[in-house]
Structures are given as C-alpha cells and as structure tokens.
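Welcome to this short tour. Keep your viewer open and follow along, one selection at a time.

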2 protein chains.
Amino acid sequence: MTDTDAVRRYVADHRQSLYDDLDAWLRIPSISADPAHADDVRRSADWLAGRFRAAGFPTVEVWPTEGQPAVFAEWPADDPAAPTAVVYGHHDVQPVDPLELWETPPFEPTVRGEELFARGAIDDKGQVLYHFLGLAAALETTGRTAPPVTLRFVVEGEEEFGSPNFARLLRDHRDRLDCDVVVVSDTGIHDRETPSMCTGMRGLTYCQIDLHGPDVDLHSGMFGGAVPNPATALAHLLAGLHDDSGRVTLPGFYDRVVALTDRERELMARLPFDESGFLRTAASRATTGEAGFTTLERIGARPTCEVNGLWGGYTGPGQKTIIPTDAHAKVSFRLVADQEPAEVEAAMRAYVDRAVPPGIDAHVEFFGGGVRPCLTPIDHPAVQAATRAMHKAFGKEILYTREGGSGPEADLADILGAPVVFVGVGLPDDRIHAPNERVVLPMLLTGAEAVAHLWDELAGALA
Amino acid sequence: MTDTDAVRRYVADHRQSLYDDLDAWLRIPSISADPAHADDVRRSADWLAGRFRAAGFPTVEVWPTEGQPAVFAEWPADDPAAPTAVVYGHHDVQPVDPLELWETPPFEPTVRGEELFARGAIDDKGQVLYHFLGLAAALETTGRTAPPVTLRFVVEGEEEFGSPNFARLLRDHRDRLDCDVVVVSDTGIHDRETPSMCTGMRGLTYCQIDLHGPDVDLHSGMFGGAVPNPATALAHLLAGLHDDSGRVTLPGFYDRVVALTDRERELMARLPFDESGFLRTAASRATTGEAGFTTLERIGARPTCEVNGLWGGYTGPGQKTIIPTDAHAKVSFRLVADQEPAEVEAAMRAYVDRAVPPGIDAHVEFFGGGVRPCLTPIDHPAVQAATRAMHKAFGKEILYTREGGSGPEADLADILGAPVVFVGVGLPDDRIHAPNERVVLPMLLTGAEAVAHLWDELAGALA
C-alpha cells in the first residue's frame with residue numbers, strides 16, 4: 001500500500017521531471033480542429049508514445065483513426081487476477097485564437113509564480129502527464145516493478161474536435177480495452193479550496209423540427225386569420241415543452257431519471273456556490289429552471305430541454321406582411337441516468353405529431369443518435385476507492401459534483417461497459433478553451449499524488 | 001338623371017375610345033419600384049394629365065413628390081352647393097418579372113377574345129380609364145356641360161411601391177382635396193357572376209420583438225436548465241397571443257371592434273365562397289381562425305394577429321448546443337374599424353413586458369405608425385348611392401365584401417376625413433402583380449356605366 005508521506009515526498013522531489021515533460025509536450029501545437037496542424041497532432045501522439053515507453057510500459061501503440069491518432073499503452077499487473085483500469089485522456093488541444101489576447105505565446109510554456117501558461121496546460125496534457133509522476137511514485141515508494149492493477153491508457157487526438165472517430169476506435173479495440181473501471185483524467189474540482197469528484201455527465205439528444213404550412217408565403221392581409229401559421233404553431237409547440245414549474249412535459253420523460261438521494265443532495269449543498277458569480281459567468285441576469293432544485297442540481301443532475309435556435313418567415317429589416325410557409329427550431333435535451341435517448345426521441349416525435357394543428361406538416365430529425373448519460377453512484381466501490389485516493393492527496397474531504405455537458409465519457413461507459421470515475425485537478429478559472437490557459441502547478445503535483453494512491457485503492461476495492 | 005339604357009348605348013358605341021386609351025397608356029412601363037423606369041413613371045403622369053385635359057377638365061396639374069409624381073384634375077360642378085367627390089387611382093404598375101412567363105410582352109397590350117393582356121391592364125390603368133368613358137356618357141346622355149358633383153381626381157405614382165409619399169401629398173394638398181366622399185377606383189368584385197362592393201379595409205400595425213437573454217451564447221450543457229432561454233421566452237410570448245378559440249388575448253383588443261350586423265353577415269353569407277378554391281389559392285391544407293366566424297368574415301371583418309417571422313440562436317446545419325443570447329419575431333396585427341393602431345401598440349408593449357420572465361430584456365419596435373382601418377357602413381348614403389349606380393350597370397343585386405389588406409385608402413379616409421366608397425370591376429383571376437395580368441374588357445365597359453351613374457347618385461344622396 002502506498003504511503004501518503006512517502007508519495008508526497010517523492011512527488012515533490014521529482015516534480016522537475018513533470019515540468020520538463022510539460023515544457024516539451026506543450027510546445028507541440030496539436031490543434032485537432034485545424035487541418036494545418038494535422039502533422040503536429042501526429043507528432044504529439046509520437047511524443048506521448050515515446051514517453052510511455054520511457055516510463056516502462058511494455059506495450060505502446062499509436063492507433064490510427066480516419067482522423068487523428070490515439071495512443072494506447074499497457075502495463076499489466078503481476079497478478080493475472082488483478083483488476084484492469086482504462087485511463088482516458090486526450091493529447092489534442094483547442095485552437096488559440098484570438099491570438100492577440102495571449103500574454104505569452106500559447107505554445108511557449110511560460111511559468112509565472114505557481115502557474116504555467118500554455119494551450120493544453122490543463123486540458124488535457126497536464127492531466128495526462130501527472131500519471132507518469134504518480135505511477136513512478138507508486139512504484140518507487142512501494143518497491144514494486146508493476147502496478148497493482150493492469151493499466152491501459154487510451155489517449156485520443158480528436159476530443160477538442162468532437163471525438164468523431166472515438167466510438168468506432170473503442171469498438172474496434174474493444175478486446176484490448178477490456179476493463180473493470182474507466183478513469184477519466186480530463187475534469188476538475190469544484191474550486192481550489194473544495195476538492196471534489198465528478199460522478200456523472202448528462203447525455204444529449206438533439207433534433208430539428210420543420211413545420212410546413214402554406215406552400216407559398218401568403219399575404220397576411222388576404223389570408224391572415226384564416227389559415228394556420230407555421231410560426232405560430234411552432235411557438236405553441238415550443239412553449240408546450242415545459243409546464244409552469246419548469247418541468248419537461250413529454251410523457252414519461254422523468255420515468256427513468258435516477259433521483260438524487262438525500263445524501264447526494266446534502267453533499268452537493270455543501271459545495272460552495274456563488275450565485276452572483278454563476279450569473280456573471282453566464283452573463284445572465286437571472287437563474288431559472290425546474291422547481292424544487294438548486295442551480296447545481298439543475299445543471300448536473302436534472303434533465304432539461306432547451307431551444308437552441310429557431311427561424312422562419314421574414315427576418316429582414318422593417319416589415320413584410322406574410323404568413324410564412326415554414327418555421328423551424330433546433331431543440332435539444334440534456335439527459336441524466338438512466339434516460340435513454342431513443343425513448344426521449346420517440347416521445348418528442350409523438351409530442352410534435354400531437355402538437356401541430358391541421359394544415360401544418362411536421363418533420364422531426366434527430367442528429368447523431370444521441371449521447372447516453374453516465375453516472376457512477378457515490379457509493380460505488382470504484383468511486384469510494386478514488387475518493388480515498390484523492391483524500392490522501394488533498395488531505396481534505398472530497399465532495400461530489402455532476403457535470404452538465406457530455407463528452408466521450410458516455411462512449412467509454414457504454415462501449416466498455418465499466419463504471420467511470422473522474423479524477424481530475426482542473427480549476428474553474430484555468431481558462432480552458434480561452435486565451436491564457438494555465439495550470440496551477442501544485443494542482444498537478446496533487447494529481448500525481450492522487451493517482452499514485454489510486455491503483456492500490458482500486459486494486460483493493462475491485463478485487 | 002342618367003338613363004340606364006342611354007348610358008349603356010353610349011358606352012357600347014364609344015368603347016373604342018377606351019380601347020385606344022388602354023393601348024396608348026399601357027405601353028408606358030411605369031414601374032415605380034424600379035429606378036430605371038423613373039422616366040417612364042413621369043411619362044405616364046404626363047400622358048394622364050394630357051388625357052384629363054382632352055376630356056375637358058379645367059384644372060390639371062402634375063404634383064411632384066419626393067418620389068414619383070401624382071396627377072391632379074378637377075372639374076367643378078356648375079352648382080357651387082353640389083357635393084365634391086375625390087376619385088383615387090394610381091398610374092404606376094408592378095414589376096413584370098419573371099418576364100419569361102408572359103405569353104405576350106407585358107407592355108405590348110394584346111387582345112385575345114374579350115381579354116386584354118398587359119401589365120397594369122386592371123391594376124390600375126383600366127380602372128382609371130373607364131372614368132373618361134363614363135363621364136363622357138353621363139355628360140352626353142344628359143346634355144350637361146359639367147358633372148353634377150365637383151370631381152377631383154388624385155392618381156398617384158407610387159402605389160405599387162407602398163405609397164411612401166402619399167400621406168404627405170394628401171396633407172400638403174389638403175385644401176385642394178376637400179371633399180364629401182372619396183371614390184376608390186382600384187378594387188374588384190367578388191366574381192364575374194356576383195357584383196359586389198368593398199366597404200372596408202383592414203388596418204395594420206407591425207412590430208419587431210427583440211428578446212435578450214444571456215449576453216453571450218451559452219453552452220447548453222453547462223448552463224442548460226438554469227438560466228432563462230430567450231427562444232423559449234419568445235415561444236411562450238408568441239403562443240400566448242391567441243387563446244384556444246383563436247382570439248387575440250391583448251386586453252381591450254376587441255373593445256372598439258365594430259361588430260358585423262346581422263344584415264351584413266346575411267349579405268356576406270350570400271357571396272359564393274368555394275372553400276377548396278380558397279385553400280388552393282392559399283396553397284394551404286386547412287382553414288382556421290377565430291371561432292364563430294366564416295373564412296370571409298375572418299379575412300375581412302375580424303382583426304387578427306400573425307407571426308410574420310422569427311429567428312434566433314443556431315440555424316445552421318446539424319447541431320450546436322447553445323442557449324442563444326437573443327430571439328426575435330416580427331408580429332403584425334390586422335385591424336378593423338374602429339380599432340386604433342396606437343392603442344393596440346400600447347397593449348402589445350404592456351403584454352410583452354408582462355410576458356417576459358426575469359432575466360430576459362424585451363424591446364418592441366413598431367414600424368411606420370400603423371395604418372388605420374377604414375369602413376363605410378353599408379347603410380351610409382354614399383354606399384347606397386354607389387350601390388344604386390353599380391346596380392344600374394350590372395343589372396344585378398350588389399353584395400358587399402370587405403378586404404383583408406390595406407393600402408392608401410386608410411390615408412384617404414383619415415386625412416381627407418370623408419367616407420370612402422369602393423367602385424371597382426377587377427376580377428379575382430385578373431392576375432394582378434403576376435405574369436399575364438389581364439382585364440376583361442366588358443368589365444371595364446360596365447365600370448364606365450357604373451361611374452356614369454355614380455355622380456348623379458352621389459349628388460342626390462349627399463346634397
């Protein structure tokens with residue numbers, strides 16, 4: 001078993017190796033969204049593969065995709081009965097514009113005080129790199145020659161581009177990624193004083209609604225008040241998606257929703273939450289939402305429906321007196337465990353069919369098949385093991401959060417069929433996706449400590 | 001008093017003069033919307049001024065505006081106590097594209113059977129020209145040297161361009177246009193077998209609603225369900241404008257509406273109405289509207305609210321998961337007598353203020369000050385006089401219609417402060433504003449007969 005003090009000392013003593021890794025890898029502008037940087041993304045994969053080899057991983061492979069490559073690395077446990085963990089991260093980074101807002105060049109890592117500034121510093125290269133220091137600390141301080149779990153890393157190269165090929169990659173390599181737990185190393189904590197662990201991410205299903213009324217735009221003087229107007233029908237349809245308490249009206253929408261337990265609500269309520277700061281970040285002047293829930297619960301643990309866009313008829317300057325022929329909307333649902341995208345899609349189609357009046361034709365198209373929500377309950381042994389590892393590293397109680405958005409984690413949970421735990425040390429003000437992205441270097445050292453303890457904890461919990 | 005048979009004979013005998021006028025005037029492409037035809041519109045005004053002089057009008061003037069000129073002509077009655085009628089028409093025409101759909105060139109008047117094809121044939125040159133034949137018939141068959149009412153014509157040159165300078169023109173020449181009745185010579189009858197007279201036109205007020213939520217587009221995963229969405233707020237606002245019976249919900253909206261009398265409803269119900277033909281024309285698959293009213297009543301005699309357009313947020317292909325910062329709509333109201341645009345506008349502003357939730361800012365802008373509805377009751381002496389004149393010409397009972405749209409008639413009624421009567425002989429299938437516009441020549445002869453009788457009837461009724 002790892003020793004808290006020994007690990008802390010090791011990590012502190014060897015922190016320069018982490019800093020050297022950061023300086024080298026962050027200089028590679030692995031922007032996946034920009035075809036001009038395709039070679040850089042490949043260089044980034046090669047650099048990481050080399051780093052895995054240097055760390056002693058017996059198996060290291062660069063896996064091509066139809067887009068950018070992922071890096072796979074494996075280090076089996078000595079005990080063939082030991083559980084297997086898949087660690088997920090990504091080696092690509094966001095674009096950097098507007099470049100002029102960067103105080104130092106995004107691909108010239110610059111340390112100021114305890115912060116290091118560079119694109120990818122925390123999202124996600126820093127959170128991949130602390131695994132090397134953490135694993136070295138675990139091995140050196142315990143005298144072992146292999147980790148106590150079989151470790152498999154899959155570090156993709158298209159996360160900042162929507163992971164278009166990731167699900168396919170997981171399916172193609174399903175056997176190589178067989179595991180008992182997935183550790184996602186790409187998230188953050190509530191704030192620097194409040195270490196926490198994400199336990200779930202919302203899913204998504206997204207559709208476009210097309211309503212068609214008269215086959216031509218009609219003169220509203222000659223026909224107004226006598227034929228159905230698709231823009232009005234759209235307004236009724238969209239307005240009817242929520243009731244007065246902010247709940248989504250689709251029949252059965254909440255049937256599968258895993259309710260927050262009293263314990264979860266109590267722990268979530270202990271997360272410091274600054275409503276005015278939230279409003280500032282949102283640039284909004286009010287909060288709203290489903291009655292009976294806090295803002296943090298609403299954005300993490302409750303399903304929602306949002307109108308993402310709408311259009312139809314005359315939208316130019318001044319006036320044009322028409323009854324439009326068409327009206328359209330983009331509508332998305334954020335889903336929580338155990339909602340199924342396909343069921344929500346069917347309910348939405350049925351709702352639209354019922355909602356449109358005679359004379360209006362409706363077409364509903366869902367994009368991309370939806371993203372299933374993922375949730376690992378806080379009392380799951382893997383979450384408890386990760387909580388203990390983080391507690392050792394932070395020296396503080398670990399609270400729990402849920403995240404409102406969703407990334408490739410849902411694919412990991414779905415395709416690999418394993419519980420997902422989120423171990424991350426990002427801070428809310430790290431400016432990911434923005435100019436002057438930074439990492440607070442002591443956070444990375446704490447991350448290294450956390451994962452140094454993690455494998456022993458998981459080996460014990462999942463044995 | 002004019003004699004029906006004598007007028008009919010005179011008109012028939014002299015119809016060639018009308019046809020010659022048509023052939024000459026319709027060759028001038030007086031398209032007011034196209035700056036390239038500005039000279040043609042001026043030529044058209046000059047042609048018409050010459051025609052008034054040739055007809056014996058003692059005063060003929062071309063009135064310039066900031067746009068295209070109008071033609072004014074006056075022929076005083078011998079009796080200084082005789083009432084005064086202002087006749088309204090326009091000498092500009094619609095554009096002609098798509099040109100390739102015309103079977104004969106739009107400015108080469110072509111007669112096939114009883115139809116004459118040309119742009120402006122019925123809208124509105126034909127309906128201005130039959131006044132010359134009608135007035136000549138009245139004078140010749142009665143042996144008078146002046147009309148029994150003081151006749152003042154104002155024939156504008158920008159009607160097909162929205163009459164942007166017409167209200168100003170009327171105000172500037174208010175004293176020259178003083179009158180007891182306005183005769184609009186720019187409308188039609190219900191169908192060829194059902195002569196009818198329009199008695200009112202709906203007014204209009206048109207606004208744009210701008211809703212502003214968060215100052216930036218927000219990630220719907222991170223903020224969805226927790227901040228007010230302006231697109232959803234817009235949907236609620238627009239959906240709330242009508243109740244379940246299709247009535248507009250603005251408080252006081254119907255307070256000033258002059259109800260249809262039983263007699264009006266009975267007469268209107270006798271107008272042949274082909275619902276399937278209406279739907280074909282509308283290219284719509286259903287009728288709808290305010291409960292308790294027929295389609296003809298809904299489009300002519302009842303006020304309405306229509307959404308003319310809406311937009312906001314993401315409208316491109318596929319998906320973008322945002323809460324939009326803004327949402328917008330164009331909303332117009334068709335008004336009927338005695339609704340006041342300013343009152344409806346105030347009610348709408350108050351409604352929007354109440355309808356938007358906390359965190360959404362609303363801005364409502366009304367365009368152009370609105371158009372007041374106009375209505376001359378069927379029992380008004382001027383309407384009855386015009387009905388008698390049309391009855392003599394058509395030899396059939398004259399029914400009554402109302403028109404859903406509105407043009408410069410409202411300005412005429414408002415600024416000149418006189419009742420408006422509509423004497424017109426257009427047919428629903430004359431293809432005004434479309435390729436192959438035509439006039440049915442016998443209809444113009446009937447129009448000439450109607451106005452031959454009209455001045456005597458009005459002189460008697462308004463004395």
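Two strands are said to pair if DSSP finds at least two bridges between them. Keep that in mind as you explore this predicted model.

**Stop 1: a pair of strands.** Select strand S11 (residues 304-313) of chain A together with S11(B). They pair in the antiparallel sense, over five bridges. Now zoom in on Gly313(A): which residue stands opposite in S11(B)? The partner there is Gly309(B).

**Stop 2: where the chains touch.** Next, show the whole contact between chain A and chain B, to which each chain gives 67 residues. Colour the side of chain B that touches chain A by element. Among the elements giving two or more residues are strand S9 (203-212), helix H7 (230-239), strand S11 (304-313) and strand S13 (326-335) of chain B. Which of the elements gives the largest share? That is S11(B), with nine residues, the strand you met in the antiparallel pair. Switch to colouring by class, and this side of chain B shows 29 nonpolar, 28 polar and 10 charged residues.

**Stop 3: the domains of chain A.** Hide chain B and select domain 1 (4-201 + 373-462), then domain 2 (203-257 + 303-371), of chain A. Their centres, taken over C-alpha atoms, are separated by 40 Å. How many residues does each domain give to the contact between them? Domain 1 of chain A gives seven and domain 2 of chain A gives eight. Finally, pick out the domain 1 side of this contact: four of its residues are nonpolar, three are polar and none is charged.

Terms used. Residues numbered from 1 in each chain as written. Chains lettered and ligands numbered in written order. Predicted model: local features only at pLDDT ≥ 70, side-chain atom pairs only at ≥ 80, totals over all residues. Contact = placed C-beta atoms within 7 Å. Helix = DSSP H or I, 4+ residues; strand = E, 2+ residues; numbered from the N terminus. Nonpolar A, V, L, I, M, F, W, Y, C, P; charged D, E, K, R; others polar. Domains from an automatic or database assignment.
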